[in-house]
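Please open the structure in your viewer and keep the selection tool at hand. We will go from stop to stop, and at each one I will say what to select and what is there.

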Amino acid sequence: MDERRTVWVLIVVLVGQLVFLAVQGARGGHTRAETVGLRLLGPLARTVAAIPRGFSDARQDMKLRGGLQEENRRLRREVEELRLHLLRLSDVEGEMRRLGEAVRYGTPPAGRIRSVDVVYVDYASWLRTLVLYTGDAPARKNQPVLSPDGLVGRVFAVAGPYSKVQLITDRAAGVGGMILRTHRQGVVRGGGRGSGALVLDYVPLQTDVRVGDQVLTAGIDGVYPRGIPVGTVVKVEGGGQLFHKVELAPAVDFGALDQVYLLDYDAVPPKLKENNPSGHP
Amino acid sequence: MATLKLLAAIALAALVHFVGMQLWPGFARVVDVFLVVVVLHGLQGSSLSALLVGLVVGLLQDTLTGGPFGLFGFADTIVGYVTARLAQRLVIQRPTGVLAVVSFASALQQAIVVGLVLVLLPSPELPSPVWVAVRAGTCGLLGLAIYVALGNWRRSSEARRRGRMNRLRMN
C-alpha cells in the first residue's frame with residue numbers, strides 16, 4: 001500500500017478512536033473492546049498472580065506447623081472476646097430496632113459480602129486500576145469493593161469472570177463521605193499527583209475538622225452503603241473562601257491487597273430502579 | 001511466521017508486565033514494555049503494519065489502566081506510525097539510535113495521553129514530569145537491550161546456519 005493510502009488509514013483510525021473516546025465519555029460506561037481485552041489478559045494476569053500466592057501459602061503452611069498450638073490458643077481467646085462483643089452488638093441492634101420501630105424508621109439493608117481474588121493491581125501509576133477474578137458468579141457493575149480495612153472502590157467493567165475496579169484513589173472517582181465525629185458530609189476524591197492520598201471536598205470552613213478524624217461512607221451517592229471506613233484526616237487547611245482543604249490517608253493499603261470482598265447491596269430501592277432502568281444513580 | 005512472532009512478542013510483553021507488577025508495584029510507572037514492542041516493530045519500516053500494531057497493543061494496554069478506554073490505543077497508533085516513518089527516512093543502525101528513538105516515542109506517547117486526558121476529563125490527575133522522563137529513559141534502555149540481544153541472536157543463528165551449510169558441502 002502506498003504511503004498516501006496509509007496516511008488515510010491513519011486519519012480514519014485516529015478519527016474513529018476520537019469518536020469512540022468522546023462517545024464513551026458521554027455514556028460513562030465500559031466498551032466491548034475493554035471486555036475483550038479483559039478476557040484476553042485476565043487469564044495471564046491470574047496465572048502470574050497465582051504463582052507468588054502459591055509460594056506464600058506454602059511458606060505460611062511451614063510457619064503454621066511450628067506454632068499451631070499457640071495459634072489455636074490465641075484464636076480461642078479471640079473467639080471468646082468476639083462472642084462477648086457480638087452479644088453486646090446484638091443487644092444494641094435490638095435496642096436500635098425497637099427505637100426505629102417507635103419512630104417508623106426503616107433500617108437500610110446491610111448486604112452480603114463475597115470474597116474474590118485480586119489478579120492485578122496498579123495503584124502506583126497515575127492511571128490506576130485493579131482487576132478481580134470473580135469465578136462463576138460475575139460481579140455487577142457499580143458493585144462496591146471492600147477490604148477488611150475499608151473501602152477499595154467500585155466495579156467499573158465486567159468481562160465474564162474478570163472485573164475491572166475503579167479505585168477510590170482515582171481522581172475521577174467520587175464517594176459520598178462523612179466525618180464520623182461530626183457527621184458532616186462531603187465528597188471524597190483521589191488526591192492526584194500520584195500521591196495515593198484522598199481529599200474530602202465541600203466541607204464548609206465553619207465545620208470542625210481535626211487531624212485524626214475518621215471518615216466513613218455517607219451512603220448518599222447511590223453506590224456505597226453508609227458506614228464503611230474510607231480514610232483518616234491527615235491534613236486540614238483553609239483552602240478556598242468557603243471550604244476546607246481536607247487531605248485523607250486511605251483506610252486501605254492498596255499494596256497489600258490479594259483478596260477483596262464484593263458487597264451485594266442495592267443502594268437504589270427496586271421501585272426507584274423500575275422508574276430509572278438505566279441504573280445510573 | 002512474522003504475525004506469530006509479533007503475537008509471541010505481545011504475549012511476552014504482557015507476561016513481563018504482570019511479573020514486573022507482582023515484583024514491584026511501581027513497575028508500570030517506570031517502564032512500558034508494550035510501547036517497546038510497538039516501537040521495535042515500527043522500526044522495521046512498514047507504516048501501515050506499525051499503526052495497526054500500535055492500535056491493538058495500545059487497546060490491550062488500556063485494559064490494564066484506569067481512565068477512559070482508548071487513550072493508549074490512540075497514542076500508540078500515532079507512535080507506531082511515527083516510528084515507522086522515522087525508520088523509513090533515517091538509517092538507524094547504531095544501538096544508541098534505537099535508544100533515542102524509543103525514548104522519544106515514550107515521551108511522545110505520554111504527551112499524547114496527557115493531552116487527551118486534559119481534553120476529556122474535567123479535573124484530571126497528571127503524571128509527574130520526573131516520572132515521565134524516567135519512563136522515557138527506561139523504555140529507551142529496555143529497547144536498546146532488546147535490540148542488541150536480538151541482533152546478537154540473529155548473528156549467532158546465521159553463523160550456525162552457515163556452519164551447517166559448510167559441513168553439508170564438505171560431506
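What follows is a short tour in seven stops.

**Before we start**

This is a predicted model, in which local features need pLDDT of at least 70, side-chain atom pairs count only at pLDDT 80 or more, and totals for chains, interfaces and linings use all residues. Residues are numbered from 1 along each chain as its sequence is written, chains are lettered from A and ligands numbered from 1 in the order in which they are written, and side-chain values use heavy atoms, with hydrogens and water left out.

The predictor gives the complex an ipTM of 0.86 and a pTM of 0.80. Colour chain B by pLDDT, the predictor's confidence in each residue from 0 to 100: the mean is 90, and 99% of the residues in chain B reach 70 or more.

**Stop 1: chain A as a whole**

Select chain A and show it as a cartoon. You will find four helices and 12 strands; helices (H or I, at least four residues) and strands (E, at least two) are DSSP runs, numbered from the N terminus. Of the 281 residues in chain A, 38% are buried. Here buried means under 20% relative accessible area, exposed means over 50%, and partly exposed is in between, with a 1.4 Å probe and protein chains only.

Now colour residues 3-79 as domain 1 and residues 95-270 as domain 2; these bounds come from an automatic or database domain assignment. The C-alpha centres of the two domains lie 20 Å apart. Across the boundary, 13 residues of domain 1 are in contact with 17 residues of domain 2, where contact means heavy atoms within 4.5 Å.

**Stop 2: helix α3 of chain A**

Select residues 68-102 of chain A, which form helix α3. How far apart are its end C-alpha atoms? They are 50 Å apart, which agrees with the 51 Å expected for 35 residues at 1.5 Å a residue. The expected span is 1.5 Å times one less than the number of residues. After α3(A) comes R104(A), whose phi is positive, near 55°.

**Stop 3: the core between the domains**

Next, select Y120(A), F18(B), F34(B), V39(B) and L43(B), the residues with the most contacts inside the largest nonpolar core, which has 41 residues. A nonpolar core is a set of buried Ala, Val, Leu, Ile, Met, Phe, Trp, Tyr and Cys residues joined through side-chain atoms within 4.5 Å. Helix α3 of chain B (residues 33-42) gives the most to this core, with eight residues. Domain 1 and domain 2 of chain A both give residues to this core, so it lies between them.

Zoom in on F34(B). Not counting residues up to four places away in sequence, F34(B) touches A13(B), A14(B), H17(B), V57(B), Q61(B) and L64(B). A second, separate core of 37 residues includes L167(A), V209(A), V233(A) and L262(A).

**Stop 4: strand β3 of chain A**

Select residues 144-147 of chain A, strand β3. Which side chains point which way? P144(A) and L146(A) point one way, V145(A) and S147(A) the other, and all are buried.

Add residues 150-159, strand β4, which runs antiparallel to β3(A) and is joined to β3(A) by four bridges; strands pair if DSSP finds at least two bridges between them. The two strands form a hairpin with two residues between them, and L146(A) stands opposite L151(A). Then add β12(A), residues 259-264, joined to β3(A) by two bridges and also antiparallel. Here V145(A) stands opposite L262(A).

**Stop 5: N142(A)**

In the loop between β2 and β3 of chain A, select N142(A). Its phi is near 75°, a positive value in a residue other than glycine. At 19% relative accessibility, N142(A) counts as buried.

**Stop 6: strand β8 and Y202(A)**

Select β8(A), residues 198-201. β7(A), residues 185-190, is joined to β8(A) by four bridges in an antiparallel pairing, with V187(A) partnered by D201(A). β8(A) also pairs with β11(A), residues 245-250, antiparallel over three bridges, and there L200(A) has V246(A) as its bridge partner.

In the loop between β8 and β9 of chain A is Y202(A), which has a positive phi of about 60° although it is not a glycine. Y202(A) is partly exposed, at 46%.

**Stop 7: E247(A)**

Finally, select E247(A) in strand β11 of chain A. Buried or partly exposed? E247(A) is partly exposed, with a relative accessible area of 25%. The C-alpha atoms of E247(A) and V199(A) are separated by 4.5 Å, although the two are 48 residues apart along the chain. Beyond its neighbours within four places in sequence, E247(A) has contacts including A197(A), T232(A) and K235(A).
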